[in-house]
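Please open the structure in your viewer and keep the selection tool at hand. The tour below proceeds one selection at a time.

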Amino acid sequence: MTSTTLILTDGPIIDPAGVAANPQDCLLDIYEHAAEASALWQSRRRRDRHRSEGEIRLRCQGAELLPFGAVDDVSALWCCLVNTVGQFLDTGHGVTDYPDQPLPVVLETVKRRMYFSADGQKVMVEPVPFLDSLLEEAQRFFAWAERHLAGPATDRDIVELRERLPREPGGWQL
């Protein structure tokens, strides 16, 4: 699985389909353009300390897992995704919504298979590699935020979740 975290370069999104078709016109990849993204983010923080509008793109086995054009608070969404993994590890079912919109994200098991779904699109995933990769991508985002924005460290929570994943073949019971 791979991820891209993008932040909004201008004002509110009027046309989500336009964002999906031409993301380079209004979204900036924080990893490819770290200095520019950091400066833009810092500028926004002066106006609203808790807002980091943008989009997260997750890809697994060629499938896009999150809907294009679903602009939201990316810091809060990464936290929601990490919390959903924790719920899943505790109960076998994790669910959250995007921070500012009723767009559900679900991790669940159905007939001994694991599925990730967002906004009704369901994709079957391999449990341990998927969860480990999702947590690794979250850790990458929070490390970027800590380095470029003096954001809070969240490594400890993510490391604890990753340690709960089985490491031996057959160690996962769905």
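Begin by selecting threonine 5, which counts as buried because its relative accessibility is 0% (buried means under 20% relative accessible area, exposed over 50% and partly exposed in between, with a 1.4 Å probe and protein chains only). The model is predicted, so local features need pLDDT of at least 70 and side-chain atom pairs count only at pLDDT 80 or more, while totals for chains, interfaces and linings use all residues. Residues are numbered from 1 along each chain as its sequence is written, and side-chain values use heavy atoms, with hydrogens and water left out.

Next, extend the selection to residues 2-8: this is strand S1, in which threonine 5 lies. Strands (E, at least two residues) are DSSP runs, numbered from the N terminus.

Now display the residues that threonine 5 touches, among them Leu28, Ile30, Val74 and Phe141; contact means heavy atoms within 4.5 Å. Tryptophan 78 deserves its own selection: its side chain makes a polar contact with the side chain of threonine 5 at 3.0 Å. A polar contact is a pair of N or O atoms within 3.5 Å; within protein, one must be able to donate a hydrogen and the other to accept it, and residues adjacent in sequence count only if both atoms are side-chain atoms.

Finally, move to strand S6, residues 93-97, where Gly94 and Thr96 form the covered face and His93, Val95 and Asp97 the uncovered one.

Definitions and conventions:
Helix = DSSP H or I, 4+ residues; strand = E, 2+ residues; numbered from the N terminus. Lists of a residue's contacts leave out its neighbours within four places in sequence.
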